[in-house]
Amino acid sequence: DDESEESLLDQLFPIDEYARVIAHPLRSAAEQTAGDTNGMAPPIRMGQVQFPPAAANTQSNNKKRKMVLAVGPEGGWAEPNELDWFVERGFQHVTLGPRTLRSDCAVVS
């Protein structure tokens with residue numbers, strides 16, 4: 001049930017404390033031109049992730065900024081409703097580039 005999932009997400013990772021990020025591969029130029037963005041903003045790099053205002057100020061107080069990262073199956077999130085669910089909950093789309101990395105290789109990268 002979406003409501004209980006959203007409640008659990010907010011309990012574990014409050015949006016005012018955590019940057020919410022979803023890893024999804026950068027699509028080919030042809031897919032991007034065709035508008036196949038699945039409702040997501042263009043991907044950003046990890047260094048461009050926006051943290052909540054309260055979390056952004058913690059760096060000066062020697063506290064760690066917090067991030068929750070959603071990583072999908074090999075090949076990325078396939079179902080548009082999966083991506084929509086994350087977008088509706090404030091997740092930012094990040095990418096490591098056009099290659100699809102397997103989890104056993106991605107950690108080393």
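**Long-range contacts and the parallel sheet**

Among contacts in the protein chain between residues at least 6 apart in sequence, those joining residues at least 24 apart make up 79%. The model is a predicted one, and its protein chain contains five helices and three strands, which follow one another along the sequence in the pattern α-β-α-α-β-α-β-α. Of the 109 residues of this chain, 27% count as buried, while the area that the chain exposes comes to about 7500 Å², with carbon and sulfur atoms supplying 52% of it.

The three strands form an open sheet in the order E2-E1-E3, and the pairing within this sheet is parallel. Strands E2 and E3, the latter spanning residues 92–94, are the edge strands, each of them pairing on one side only, and the twist from one strand to the next averages 35°. Strand E1, which comprises residues 18–23, runs parallel to E2 and is joined to it by six bridges; across this pairing, Arg20 stands opposite Val68 in E2.

Lys66 belongs to strand E2, which covers residues 66–71. Because its relative accessibility is 35%, Lys66 counts as partly exposed, a class that lies between the buried limit of under 20% and the exposed limit of over 50%. When residues up to four places away in sequence are not counted, Lys66 touches Glu17, Tyr18, Ala19 and Phe51. Of these partners, Phe51 is 15 residues apart from Lys66 along the chain, and the C-alpha atoms of the two residues are separated by 8.1 Å.

Conventions: Residues are numbered from 1 along each chain as its sequence is written. This is a predicted model: local features need pLDDT of at least 70, side-chain atom pairs count only at pLDDT 80 or more; totals for chains, interfaces and linings use all residues. Side-chain values use heavy atoms; hydrogens and water are left out. Helices (H or I, at least four residues) and strands (E, at least two) are DSSP runs, numbered from the N terminus. Buried means under 20% relative accessible area, exposed over 50%, partly exposed in between (1.4 Å probe, protein chains only). Contact means heavy atoms within 4.5 Å. Accessible areas come from the Shrake-Rupley method with a 1.4 Å probe; for residues, only the protein chains shown count as cover. Two strands pair if DSSP finds at least two bridges between them. Axes are lines fitted to C-alpha atoms, for helices over the stretch in contact, and angles run from 0 to 180 degrees between N-to-C directions.
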